[in-house]
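Good morning, and thank you for the time. I should like to take you through the interior of one model, and I ask that you keep the sequence and the structure in view.

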Amino acid sequence: MRKDETELHLARFTRIEKDLIARYGIHSQARVFFLYEQLITVRIALLDRLDDVSGKLLQERSAWLRREIQGIYNLDSFQTDVKIPVRRPVEDPASLEYDRAVFERRYGRAAELIRNQVVPLAEWRPQVGVRPVGYMYAVDDRGTLLVWDRPFTMAQMLVGRDRVRVAEWTVGHPMLVPDRLRVRAAGEIMPILGGPSGTQLRGIVANLKSGHFRPPPEAAAEVVAACRTQAEVPAGECDVFTIPSVQRTAGDNETLEVV
C-alpha cells in the first residue's frame with residue numbers, strides 16, 4: 001500500500017467517524033463500534049508489506065485508536081448497585097466463580113447445547129469474512145482460553161449480544177465453563193487473520209466486557225499470556241481493553257443474587 005492510498009483510506013475513516021460523533025456523541029456505542037472496525041482493519045493492513053511512510057501512518061492510527069477505545073471504556077463501569085452471583089475463591093491469579101444454582105437455572109440447558117462449539121484457542125479456526133466479527137471467550141481457572149465458535153457481528157457484540165438466544169435461552173459467559181464455572185478473564189475477542197491463506201491467527205483485539213463475571217483490569221494479562229502460549233501470538237499483537245473494576249461480588253463464603 002502506497003502513502004497516497006493509506007492517506008485516502010484514513011481520511012475516509014475520519015470523515016465517517018466525525019459524522020458518527022455529530023449524530024450519536026463522542027462516547028457513543030456507535031463510535032466504539034466504528035473504532036473497533038478501524039482498529040481491526042488497520043491491524044490487518046499492517047500485516048502486509050508497506051512502504052515506510054504508510055507503515056508509520058498506520059502505526060500512528062493504531063496507537064490513537066487504542067487510546068480512544070480504552071479512554072471511552074475508562075469512563076464506563078459495570079453497574080455498582082447490582083449484585084452478581086460471583087465469588088473470588090482464588091486470588092493469585094484471581095479466579096471468579098459463578099454460582100452453580102443460578103447457572104443451572106439460567107444457562108445450564110443452553111450450555112449443554114453449545115458444549116461442542118466451545119473450543120480451546122489452539123484449535124480455534126475463526127470465520128473468514130469481509131466484515132470484522134467477534135466471539136465470546138473465557139480464560140478458565142487453569143489458564144486455557146476457550147472460544148464459543150459462533151461469530152457475532154460487531155453490532156451484536158457491542159450493542160445487542162443480550163438479545164441472542166440458544167433455543168429460548170439467553171447467552172452468557174458462564175456457558176463457556178459449565179463444569180467448574182471459574183474464569184480468570186472473559187469478554188469478547190476479535191481475530192486478526194493473515195498469512196498466505198488469510199486464515200492464520202496473527203493477532204487479537206479483545207476486551208473484558210463480561211457482565212456475568214466482571215473481570216478486573218489486571219485480567220488482561222491472562223488473555224495475553226494465553227494467546228502467547230496457546231496460539232503463538234506475540235504479546236505486542238494482543239490488544240485487550242479493560243473496564244474499571246468497580247463492582248459488587250460475593251465474598252469467599254457468600255453468593256450474591258442479581259437484584
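I shall speak about the first helix, the aromatic pairs, the nonpolar cores and the cysteines.

A word on the source: this is a predicted model, in which local features need pLDDT of at least 70 and side-chain atom pairs count only at pLDDT 80 or more, while totals for chains, interfaces and linings use all residues. Residues are numbered from 1 along each chain as its sequence is written, and side-chain values use heavy atoms, with hydrogens and water left out.

Let me begin with helix H1, residues 3–24. Helices here are DSSP runs of H or I with at least four residues, strands are runs of E with at least two, and both are numbered from the N terminus. The expected span of a helix is 1.5 Å times one less than its number of residues. For the 22 residues of H1 that gives 32 Å, and the end C-alpha atoms are 31 Å apart, which agrees.

Which residues of H1 are buried? They are Thr 6, Leu 10, Phe 13, Glu 17 and Leu 20, where buried means under 20% relative accessible area, exposed over 50%, and partly exposed in between, with a 1.4 Å probe and protein chains only. These buried residues lie on the same side of H1, because they cover an arc of only 80° around the axis; the arc is that of the directions from the helix axis to the C-beta atoms. On the other side of H1, Leu 8, Arg 15, Lys 18, Ala 22 and Arg 23 are exposed. The buried residues pack against helix H2 (29–45) and helix H3 (52–74), contact meaning heavy atoms within 4.5 Å. After H1 comes Gly 25, with a positive phi near 110°.

I turn to the aromatic rings. Rings of Phe, Tyr and Trp (its six-membered ring) pair if their centres lie within 6.5 Å; planes under 30 degrees apart count as stacked, over 60 as edge-to-face, and the rest as tilted. The count by this rule is eight aromatic pairs. One of them joins Phe 13 and Phe 34 edge-to-face, at 6.0 Å centre to centre with 70° between the planes. This pair links distant parts of the chain, with Phe 13 in H1 and Phe 34 in H2, 21 residues apart. Phe 13 is buried at 9% relative accessible area, and Phe 34 is buried at 8%. Trp 148 and Phe 152 also form an edge-to-face pair, at 5.8 Å and 75°. Trp 148 is buried at 2% and Phe 152 at 1%. In addition, Tyr 36, Tyr 73 and Phe 241 form one aromatic cluster.

Trp 148 leads us to the largest nonpolar core, where it is among the residues with the most contacts. A nonpolar core is a set of buried Ala, Val, Leu, Ile, Met, Phe, Trp, Tyr and Cys residues joined through side-chain atoms within 4.5 Å. The largest has 26 residues, and its largest share, three residues, comes from H5. Beyond its neighbours within four places in sequence, Val 166 touches Ala 110, Leu 113, Ile 114, Trp 148, Val 171 and Met 175. A second, separate core of 25 residues includes Tyr 137, Ala 185, Ala 220 and Ala 226.

Finally, how many disulfides does the structure hold? It holds zero, a disulfide being a pair of cysteine sulfur atoms within 2.5 Å. The sulfur of Cys 227 has its closest cysteine sulfur in Cys 238, at 4.3 Å, too far for a bond. Cys 227 is buried at 0% relative accessibility, and Cys 238 is buried at 9%.
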